[in-house]
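Let's take a walk through this protein together, from hidden spaces inside to features on the outside. Please have the sequence and the 3D view open as you read.

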Amino acid sequence: SWVAPRGIVAAAVSALIALRLEQLGHSDASLLVPLTFLVIIGTVFIQGVSAGALARALKVAEPAPNGVLIVGANPVARAVAQALDKLGLPVKLADTGWENVSAARMLGLDTYFGRVVSEHADRNMELIGIGKLMAMSPHGSLNSLACVRFKPEFGSGNIYRLQNSEEGQTDEHRTGRRSFSGRKLFGEEVTHAKLASLLSQGGEVHITSLSTDFDFTRFRERYQNRAIPLFSVDEHEQLYFFTAGEKSLEPKPGWKVVSLLPAELLEKVRKDRGDKGREQSTDEMKAD
């Protein structure tokens, strides 16, 4: 109601009323029209400027689109979604497999059960607070279709996909895909099959907090460049992905880096830390 249209009726009839009042002998009636428009302009300005603050105060403002829509609710997608959720970022997983969707819901994750590229999804899938796409289905064709579908809505710079094994078959195949697919997630050699294999063998997704004493260089040294960096979040909860074929992302102190650690590396790190595999260090929080 604060920003509802108003003043239309007053503007329409003020001239007629002013004319009638002048006929009745009111000499100042000519001021009625400019005063009416002055009130309309003033209220529009005041309400326009204050609408955002009022909406935030009433907690009805739409959140910033920092969240992520993940195509797929498979184990790889669920592990990534859990890390995003722990960092306080909105995340929604969409999958046609009930087993995957059910497993994601058991973890407390928001889900959509159905084909993400469908008329039903257009009508029923809530995307408030969502501004990025991660296509992480094991089906390359579905990932490509999802990238095409959400590119106009999210923008080409916010469309990402995880490579599948079949994408490396031929140069012609890769060239055709690149023309309409999103940016490659996590690196040139990282595929869905590779991440799924590492997770099934005991690998884990970790959230590491960087500081001046433990920067990204120390991070790479500690994990011997064998960790797979996935994404990073800065102090303002802005999300940045590690991608292939682009300038390397260099997280700064104060940021959080999410990475997948292979099982053998986890064991060595735990032995070096002297823990028993169940405790978290001061600079690291287990994401799964």
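## From the inside out

The lining of the second largest cavity is made up, by class, of eight nonpolar residues, with no polar and no charged ones. Please keep in mind that we are looking at a predicted model. The residues to pick out around this cavity are V76, A79, V80, L195, L199, V205, L230 and L260. Helix 3 (75–86) and helix 8 (192–200) each give at least two residues to the lining, and helix 3 has the largest share, with three residues. The space in the second largest cavity comes to about 30 Å³. Across the whole structure, a search finds two cavities of 30 Å³ or more.

From a closed space, let's turn to an open one. The second largest pocket has a volume of about 170 Å³. Its lining counts 14 residues, and those closest to the centre of the pocket are D95, T96, S137, H139 and L142. Here the lining is mixed in class: five residues are nonpolar, seven are polar and two are charged.

Now come out to the surface. Which residues form a nonpolar patch there? They are W2, V3, F45, I46, V49, L54, L58 and V60, and together they have about 840 Å² of accessible area. One of them, V3, sits in the segment before helix 1 (8–23). V3 counts as exposed because its relative accessible area is 59%, and the cut-off for exposed is over 50%.

Next, look at A61, in the loop that runs between helix 2 (32–57) and strand 1 (67–71). Is A61 buried or partly exposed? With a relative accessibility of 35%, A61 is partly exposed, since that class lies between under 20% for buried and over 50% for exposed. You can also relate A61 to A51, ten residues away along the chain: their C-alpha atoms are 9.5 Å apart.

Our last stop is a matter of backbone geometry. Most residues other than glycine have a negative phi. E237 is worth a look in that light: its phi is near 60 degrees, a positive value in a residue that is not glycine. You will find E237 in the loop between strand 8 (228–233) and strand 9 (239–241). At 40% relative accessibility, E237 is partly exposed.

Key
Residues numbered from 1 in each chain as written. Predicted model: local features only at pLDDT ≥ 70, side-chain atom pairs only at ≥ 80, totals over all residues. Heavy atoms only, no water. Patch = residues over 30% accessible without salt bridge, like charges linked within 9 Å, V, L, I, M, F, W, Y side chains within 5 Å. Areas by Shrake-Rupley, 256 points an atom, 1.4 Å probe, with all protein chains shown as cover. Salt bridge = Lys/Arg side-chain N within 4 Å of Asp/Glu carboxyl O. Helix = DSSP H or I, 4+ residues; strand = E, 2+ residues; numbered from the N terminus. Buried < 20%, exposed > 50% of the residue type's maximum accessible area, 1.4 Å probe, protein only. 1 Å grid on protein atoms, 1.4 Å probe; cavity = no way out; pocket = protein on both sides within 12 Å on 5 of 7 lines; lining within 4 Å. Points joined across faces, edges and corners; volume = space filled by probe spheres on them. Nonpolar A, V, L, I, M, F, W, Y, C, P; charged D, E, K, R; others polar.
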